[in-house]
Amino acid sequence: MCNLQIDLFLPWRKLANNSKPTLFSSDEFLKNLVSGSLIVLVEQVLETLPENVLTLMGAPPKSDVPFITPDELGEADGFLFGFPTRFGMMAAQFKAFLDSTGGLWRTQKLAGKPAGIFISTSSQGGGQETTALTAITQLGHHGMIFVPIGYTFEAGMFEMEKIKGGSAYGAGTYAGDGTRQPSELELAIAFHQGKYIAGIAKKLKGEA
């Protein structure tokens, strides 16, 4: 049985109208991941900001998605890591989580396991590609196999008339000021990425 983890840092930002966070809902990935031969776990990393700071920022309560510990990464056969950008790099909360995986690095327990990335930025120049590229170093030191989607989504990757996030490195969305939700095209790319990474994970596990 192939065990695939979707690990997220769920962004705190919501507006007064209680709109959903603009990082992709993991549902779009789950639609193409759940099958009789695949176990999918959706988990989030811990918040690093103190409660009083979150209160001043107007942050909403955390999602009820369970929190992951570093040791749990070693139990998975593949990963999808999702996070918003901070100045063209992954959010500090997710980086702090990866910084805590030194024990897994020493034993290279994650080596040879496939990992994909999906991200959220506030604007078109906000780091859709640099966030993914700078995250790859984390995977490399663990010996993980980075699985980009390339241009396997075909014509949708070349869409020029509609605003869309994502790149050859993985699915993505634009959050704007927090009111924008992922477009149908962005969700379709996420749907495709879920199917793609699941196929790779199962092949490497020898279950395809």
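Two strands count as paired if DSSP finds at least two bridges between them. In this predicted model, strand 3 (residues 78-86) and strand 5 are joined by 6 bridges and run parallel. The report starts from the chain as a whole and returns to this pairing below.

**Overall make-up**

The chain holds 7 helices and 7 strands. Along the sequence they follow the order β-α-β-α-α-β-β-α-α-β-α-β-β-α. Of the 208 residues, 49% count as buried. The accessible surface of the chain is about 10100 Å², and carbon and sulfur atoms account for 59% of that surface. Among contacts in the chain with a separation of 6 or more, 77% are between residues 24 or more positions apart.

Confidence varies along the model. The mean pLDDT of the chain is 82, and 81% of the residues reach 70 or more. Residues 11-24 have pLDDT below 50, although this stretch has 46 contacts in the model beyond near neighbours in sequence. Where pLDDT is low, the predicted coordinates should not be read in detail.

**Strand 5 and its partners**

Strand 5 spans residues 114-121, and 8 of its 8 residues are buried, so the strand is largely enclosed by the rest of the structure. In a regular strand the side chains alternate between the two faces of the sheet. In strand 5, Pro114, Gly116, Phe118 and Ser120 point one way, while Ala115, Ile117, Ile119 and Thr121 point the other way. Both sets are buried.

Strand 5 pairs with strand 3, strand 6 and strand 7, as listed here.

| Partner of strand 5 | Bridges | Direction |
|---|---|---|
| Strand 3 (residues 78-86) | 6 bridges | parallel |
| Strand 6 (residues 145-146) | 2 bridges | parallel |
| Strand 7 (residues 172-174) | 3 bridges | parallel |

Individual residues place these pairings. Ser120 of strand 5 stands opposite Pro84, and its bridge partner in strand 7 is Thr173. Pro114 of strand 5 stands opposite Ile145 in strand 6.

**Helices 4 and 6**

Which residues of helix 4 (residues 92-99) are buried? They are Gln93, Phe94, Phe97 and Leu98. Seen down the axis of helix 4, these buried residues fall within an arc of 135°, so they line one face of the helix. An α-helix has 3.6 residues a turn, so residues three or four places apart point the same way.

In helix 6 (residues 130-142), the buried residues are Thr131, Ala132, Ala135, Gln138, Leu139 and His142. What covers them includes strand 3, strand 4 (89-90), helix 4, helix 5 (102-107), strand 5 and strand 6. Strand 5 thus appears in this cover as well as in the three strand pairings. Helix 6 is followed by Gly143, which has a positive phi near 75°.

**His142**

His142 lies in helix 6. Is His142 buried or exposed? The relative accessible area of His142 is 7%, under the 20% cut-off, so the residue is buried. Leaving aside neighbours within four places in sequence, His142 is in contact with Thr101, Leu104, Trp105, Gln108, Leu110 and Ala111.

Thr101 is also a polar partner: the side chains of His142 and Thr101 make a polar contact at 2.9 Å. These two residues are 41 residues apart along the chain, and their C-alpha atoms are separated by 9.1 Å.

Notes. Residues numbered from 1 in each chain as written. Predicted model: local features only at pLDDT ≥ 70, side-chain atom pairs only at ≥ 80, totals over all residues. Heavy atoms only, no water. Helix = DSSP H or I, 4+ residues; strand = E, 2+ residues; numbered from the N terminus. Buried < 20%, exposed > 50% of the residue type's maximum accessible area, 1.4 Å probe, protein only. Contact = heavy atoms within 4.5 Å. Areas by Shrake-Rupley, 256 points an atom, 1.4 Å probe, with all protein chains shown as cover. Arc of directions from axis to C-beta. Polar contact = N/O pair within 3.5 Å; in protein donor to acceptor, adjacent residues only side chain to side chain. pLDDT = per-residue confidence, 0-100.
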